[in-house]
Amino acid sequence: MVDIASDLQRRVGRVQGAMAQAGIGGLIVFYGAQHNMLRMDPILLLADYRVMGPSALLVPRDGAPKLVLTPTWDLARAREQVKLKDVTAVEEAALAGAIANAAKSLPQSLALVGREVMPLGIARALYRELGGEPMDGGDVVKATANTRTEIEIERISKAAKIADEGFRALTEEARVGMREYELAAILDATMQSHGSEDNFGLMSTGPHNVAIRAVSDRKLEPGDVIVGEITPCYRGYFAQLCRTLILGEPTALQREKYDLLLNAERAGFAAAKPGLPSSGIAKAVNDVIGAAGYGEFCRQPYMRTRGHGLGLGGVVPYDVTEDSSPLLETDMTMVIHPNQYIPETGYMMLGDTVVIEKGGARCLTETEQRLFWKEA
Amino acid sequence: MRTMHSVLKHGGLYWDRELLPQSLYEARVTALQAAICESGDDAWLLFGDIERHGNVVYATNFMPRVRSALAFVPKSGAPVLMANIGLRDVPAAKTITWIEDVRPFGRLPKDLAGLLEKQGLANGAIGVCGFEESLPVADWNAIQKNLPNVRWTDRGALLRAMRAIKQPAEIEAIRRAAVIADNALALAPSLLHPGVTVRQAIAAIDLQVRNAGAEDARYLVATGPQAGVSLRPVDDRVLVAGDTVVLTIAVQAQRYWAETARTFMLGKASPELRELHEVAASALSEMIAVTKADFAARAVAAAGEAALDPKIAAGAGAYGFGHGIGLDAEEGPTLSAESADIIARDATLVLRVIAHGNGQGAATAATVVAGRSRCRPLGAMTSLIEIPA
């Protein structure tokens with residue numbers, strides 16, 4: 001396997017190639033401490049470091065990037081972990097000045113990516129320090145990051161295994177009388193103890209769920225349908241598992257309707273092949289569910305997407321809908337989830353993280369694809 | 001607490017109406033509307049995101065678990081809550097807010113323009129709070145483009161002053177968050193032992209925090225050789241006998257935060273560590289002794305700094321000697337040498353001393369409420385805790 005330093009050099013090289021094509025001499029890549037499952041962290045991508053405050057990576061068209069981060073006391077950790085030679089730290093109030101100062105050595109024209117996360121106050125200070133607003137860097141970083149490297153796929157695979165452990169704990173520990181937040185706490189603690197840094201975790205319980213939501217103080221009852229969206233993060237990379245657990249033996253109706261989700265997921269997997277549009281996955285899933293008479297429930301407000309790019313935050317193919325256009329490529333990672341509201345049973349969930357390979361989608365999550373249940 | 005923020009609030013999200021009744025929020029909106037009228041504005045927009053959401057929660061009790069939310073408060077009439085959620089999420093959102101009119105948005109600039117135009121405020125005077133700190137500049141550019149005739153004024157300072165004075169229910173909520181943190185840390189001696197990873201130990205502490213109903217928690221740690229260097233997010237280092245474990249924790253429950261810190265020793269503490277911890281504890285005591293209402297925030301920091309060796313003081317100052325705490329994990333006033341803030345009566349603060357020196361590390365902190373003549377800790381006071389091998 002390629003070592004991380006070489007891997008990062010290649011990632012930076014791809015961005016520098018894109019900069020040259022776009023006529024960008026120097027690029028300011030901004031990110032902050034709000035990590036997001038659906039937004040790519042470009043500093044993580046290019047420096048393999050998760051920052052704890054507003055920070056910027058300055059990328060020249062040639063040569064090594066510089067990292068300017070906040071807060072100052074995080075410098076020691078950064079110097080231990082970041083492979084770059086030029087790493088400095090400043091207080092947030094001095095960040096704009098430090099970025100502008102570092103940008104002086106960058107070739108023109110200067111561009112900025114990260115306006116969608118840069119707080120207004122920092123932007124104003126930065127433009128003042130730079131003597132004007134830099135050009136929009138657009139997708140110059142994102143466009144180079146459609147596919148994951150071997151190291152990245154390994155981390156996503158590890159996150160997928162952690163998600164499997166989380167769901168195993170959920171099935172073992174769920175019991176009548178416990179509160180939703182207690183069950184979610186067990187799930188999270190289990191995943192943390194297996195290496196998870198974070199979790200985009202949603203869970204709903206009840207006899208008839210309408211959608212997935214935040215956990216509340218509701219107590220579990222016999223017959224409850226527990227739907228879980230489990231998304232641990234390992235070394236900055238996410239994987240997702242969606243499953244349904246019933247406290248009590250499922251009814252014939254619940255089994256029948258869950259079979260629909262299983263068939264829909266299989267159809268979605270079959271459509272996930274390199275060279276095909278991601279919209280094909282959504283169409284395949286919706287065709288199965290629509291054919292059973294639930295076409296209207298495949299649209300808003302009931303359903304939104306049939307999956308999305310996942311791994312390093314929001315990456316191609318982004319949201320998987322019938323209107324989505326990206327073509328699938330090998331080494332893309334994504335979640336395919338035919339989660340579905342069905343009037344007779346309520347909302348049920350099924351979804352897995354996959355990597356697109358030459359032959360099609362390969363599941364990284366290993367939890368059995370079936371309707372789970374346990375004695376109440 | 002300055003740290004890496006999780007991708008969403010993991011804990012139980014519900015509204016304890018006995019602790020924080022609807023009348024509390026109604027009274028706040030009435031006060032906000034008086035301030036709006038006094039400032040000559042037509043309405044205020046209170047913006048918040050998953051990291052800093054105090055402005056939105058203050059008026060609505062709604063906390064964005066992911067992304068952002070905005071409260072529209074007109075000078076008269078009912079407020080509107082805009083949240084970056086889906087239509088199907090509105091019923092769940094309504095369980096934690098008293099606002100009747102909850103609107104999901106996909107793109108804030110477009111939907112905000114629609115709201116202000118419908119309210120007849122496309123040419124109005126609008127005060128904004130939280131925009132400088134949290135609103136992405138890309139959204140601001142689009143908002144200005146969509147609403148070119150609105151007169152915008154930053155009213156953040158006015159709202160900060162209102163939020164600084166904590167009401168009894170708020171102080172009780174912060175106290176409860178402090179108790180959750182203390183109770184979880186009381187278990188730490190049974191969890192911190194050679195052979196476990198820091199992440200495994202914190203997972204067990206977090207389980208306790210979450211089982212107590214917390215909706216969020218943040219941890220910064222330094223173990224072994226790290227203790228002499230800096231705090232950091234939870235990592236996978238395996239604890240060994242003789243390790244120092246420096247741990248700071250912030251807990252949020254019912255939207256209110258509290259923060260504390262502890263220093264643990266896996267084995268017997270060296271004289272150097274004892275001395276460092278005593279110095280840190282003494283600096284915290286000095287800060288507690290001077291903290292009171294109408295007192296300069298910089299004087300509190302100065303009291304802490306004066307009790308420390310200059311080199312250690314510089315390091316402690318980098319973390320900050322403390323700040324306001326409440327609906328945001330970090331809010332005004334700021335306790336630093338440069339601060340011009342004055343501590344309000346009934347302000348809640350975290351006072352903190354994090355010390356690194358001679359390869360050792362120690363941390364101590366307290367969440368307090370500022371009274372007329374002194375401050376009152378809302379949680380347990382900390383000491384150096386030796387964990388027998």
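Reader: Hi! How many residues does each chain put into the contact?
Author: Hi there! In this predicted model, chain A gives 49 residues to the contact and chain B gives 48 residues.

Reader: Cool. Which elements of chain A supply at least two residues of the side that touches chain B?
Author: There are helix 3 (75-81), helix 5 (120-130), helix 7 (180-193) and strand 7 (198-199) of chain A.

Reader: And where does the largest share come from?
Author: Helix 7 of chain A provides that share, with ten residues on the side that touches chain B.

Reader: What about nonpolar, polar and charged residues there?
Author: On the side of chain A that touches chain B, 23 residues are nonpolar, 13 are polar and 13 are charged.

Reader: Switching topic: what order do the strands of the open sheet in chain B have?
Author: The six strands of that sheet in chain B run in the order 4-3-2-1-5-6, and their pairing is mixed.

Reader: So which ones are the edge strands?
Author: Strand 4 (101-104) and strand 6 (151-154) of chain B, each of which has a pairing on one side only. From one strand to the next, the twist averages 20 degrees.

Reader: How many bridges join strand 5 to strand 6 of chain B?
Author: Four, and the two strands run parallel; strand 5 covers residues 125-129 of chain B. You can look for Ile126(B), which has Trp152(B) of strand 6 opposite.

Reader: Nice! Which strands does helix 1 of chain B touch?
Author: Helix 1 (residues 22-39) of chain B packs on the sheet and touches strand 1 (43-49), strand 2 (68-74) and strand 5 of chain B. The direction of helix 1 makes about 65 degrees with that of strand 2 of chain B.

Note on methods:
Residues are numbered from 1 along each chain as its sequence is written. Chains are lettered from A and ligands numbered from 1 in the order in which they are written. This is a predicted model: local features need pLDDT of at least 70, side-chain atom pairs count only at pLDDT 80 or more; totals for chains, interfaces and linings use all residues. Two residues are in contact if their C-beta atoms, placed from the backbone, lie within 7 Å. Ala, Val, Leu, Ile, Met, Phe, Trp, Tyr, Cys and Pro count as nonpolar, Asp, Glu, Lys and Arg as charged, and the others, Gly among them, as polar. Two strands pair if DSSP finds at least two bridges between them. Axes are lines fitted to C-alpha atoms, for helices over the stretch in contact, and angles run from 0 to 180 degrees between N-to-C directions.
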